[in-house]
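Hello,

Here is the structure I promised to pass on to you. Please open it and keep it on your screen while you read my notes below.

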Amino acid sequence: LLRSVVGFVAEPKKADVRFSKYCMDTLKLGMQGVTQGAAQDNLSVEKLLTFDFPVPPLSVQQRIAGILSAYDELMENSQRRIRLLEAMARTLYREWFVHFRFPGHEKLPRIASPLGDIPIGWEVKRVPECADISPRVAVPRDGEKPFVPMGCLSNDSMLITDIESREGNSGAKFQNGDTLFARITPCLENGKTGFVQFLPAAQAVAFGSTEFIVLRSRTLTPEFVYLLARSDEFRGVAIKSMSGATGRQRVQEQCFDDFLIAQPPRALLDSFSAIVAPSFRLIYKLHLQTQNLRRTRDLLLPRLLSGRVELKTN
């Protein structure tokens with residue numbers, strides 16, 4: 001493994017280490033097509049040493065690195081906020097709907113149910129009674145529409161990224177507020193689950209991989225359904241139902257027919273969504289901001305390094 005890693009050390013009097021890192025970023029595209037290897041592509045040290053780039057004075061390097069680092073720091077701050085917001089939503093879901101520690105829970109007695117003791121006024125329901133599984137959605141065949149491949153889903157976030165545009169309508173169909181749940185191994189075990197909120201209008205439609213199970217709220221809320229799909233209990237039932245050839249096993253949708261949940265009263269569901277829905281929207285907004293920052297940085301990067309954007313030293 002160590003033979004697959006090459007390290008470069010910047011000389012402090014000649015090169016800024018951050019500037020050197022950004023230079024290597026610009027070389028990544030140039031490195032494609034010159035790798036070699038039987039089982040795995042490799043780039044020899046000799047090939048690496050043939051690449052060169054302009055090296056301005058150290059003070060200019062530091063200014064360039066400072067500008068580009070500012071973009072990276074803004075993007076990292078947004079990523080941290082996204083992770084925090086999602087973690088808070090998942091924690092609140094478990095507090096209210098798994099541990100039953102919602103506001104005012106002390107005043108409600110518990111009653112026996114197939115799920116154990118639950119707060120009075122809650123109902124035990126099967127998942128198909130409160131959420132549609134792969135609902136029918138009409139997507140026109142003609143014209144380009146948003147398309148979501150499996151790779152667009154994150155392992156640990158609701159975000160759906162790098163959305164494509166394709167013609168046709170073969171695959172899973174969905175709208176804003178739906179949850180995309182990976183049905184195939186190892187995507188399910190890895191955690192691929194997304195919340196759809198990128199479409200321009202409530203009635204807009206999109207399609208994606210045939211390996212998605214689409215989940216849509218019936219008597220719950222979209223945010224509740226997404227967080228339910230992220231829960232260990234829900235995923236555990238799905239994983240146990242998988243069947244098929246090794247390496248291509250898939251979830252059997254009927255596994256959810258007997259999966260029971262405790263459905264809260266409508267008022268409590270609405271209170272929950274009033275808290276977490278703004279966080280869902282903010283996560284998407286931060287994601288868009290991060291994309292814009294990355295595009296701007298990537299456009300600026302080669303211009304700064306090539307000297308097309310001139311920086312004056314103090």
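**What I found**

The protein has eight helices and twelve strands. Please keep in mind that this is a predicted model. Of its 314 residues, 42% are buried. If you take the contacts between residues at least 6 apart in sequence, 75% of them join residues at least 24 apart.

**Helix α6 and its neighbours**

I would start with α6, which spans residues 222–230. How much of α6 is buried? Eight of its nine residues are, so α6 is largely enclosed by the rest of the structure. The buried ones are E223, F224, V225, Y226, L227, L228, A229 and R230.

Three other helices come up when you look around α6, namely α3, α7 and α8. A little background helps here: a pair of packed helices is described by two things, the angle between the axes and the distance between them.

Take α3 to begin with, which covers residues 58–97. Its axis and that of α6 come within 10 Å and cross at roughly 90 degrees. The two helices are therefore roughly perpendicular to each other. On the α3 side, the contact is made by E86, A89, R90, Y93 and F97, and these meet F224, Y226, L227, L228 and R230 of α6. Sorted by class, this contact has seven nonpolar residues, three charged ones and no polar ones.

Next comes α8, at residues 266–306. Here the axes are 8 Å apart and the packing angle is about 75 degrees, which makes α6 roughly perpendicular to α8. From α6, the residues E223, F224, Y226 and L227 take part, while α8 brings L269, F272, S273, V276, A277 and F280. This contact divides into eight nonpolar residues, one polar and one charged.

The third partner is α7. The axes of α6 and α7 come within 5 Å, and they cross at roughly 60 degrees. That angle makes α6 oblique to α7. Where do they touch? L228, A229 and R230 of α6 meet D232, F234 and R235 of α7. Three of the residues in this contact are nonpolar and three are charged, with no polar ones.

**The two sides of α7**

Now stay with α7, which runs over residues 232–240. Which of its residues are buried? They are F234, R235 and A238. Around the helix axis they cover an arc of only 90 degrees, which puts them on the same side of α7. Turn the helix to look at the face pointing away from that buried side, and you will find the exposed residues D232 and K240.

The buried residues of α7 pack against several elements. Among the helices are α4 (127–130), α5 (187–190) and α6, and the strands are β8 (179–182), β9 (193–195) and β11 (212–217).

**Some backbone details to look up**

Most residues other than glycine have a negative phi, and most peptide bonds are trans. With that in mind, here are three places to visit.

- The peptide bond that joins T185 and P186 is cis, with omega about 0 degrees. You will find P186 in the loop between β8 and α5.
- F100 has a positive phi of about 60 degrees, although it is not a glycine. It sits in the loop between α3 and β1 (110–111). Is F100 buried or exposed? With a relative accessibility of 10%, F100 counts as buried.
- S134 is not a glycine either, and its phi is positive, near 50 degrees. Look for S134 in the loop between β4 (131–133) and β5 (145–148). S134 is partly exposed, and its relative accessible area is 30%.

**A word on cysteines**

How many disulfides does a search of the whole structure find? It finds zero. Two cysteines are still worth a look for how they are placed. C130 counts as buried at 1% relative accessibility, and C152 is buried too, with a relative accessible area of 3%.

To get a feel for the model, try colouring α6 and then showing its contacts with α3, α7 and α8 one at a time.

Happy exploring, and best wishes!

Terms used. Residues numbered from 1 in each chain as written. Predicted model: local features only at pLDDT ≥ 70, side-chain atom pairs only at ≥ 80, totals over all residues. Heavy atoms only, no water. Buried < 20%, exposed > 50% of the residue type's maximum accessible area, 1.4 Å probe, protein only. Helix = DSSP H or I, 4+ residues; strand = E, 2+ residues; numbered from the N terminus. Arc of directions from axis to C-beta. Contact = heavy atoms within 4.5 Å. Axes fitted to C-alpha atoms, helices over the stretch in contact; angles between N-to-C directions. Parallel < 35°, antiparallel > 145°, perpendicular 65-115°, else oblique. Nonpolar A, V, L, I, M, F, W, Y, C, P; charged D, E, K, R; others polar. Disulfide = S-S within 2.5 Å.
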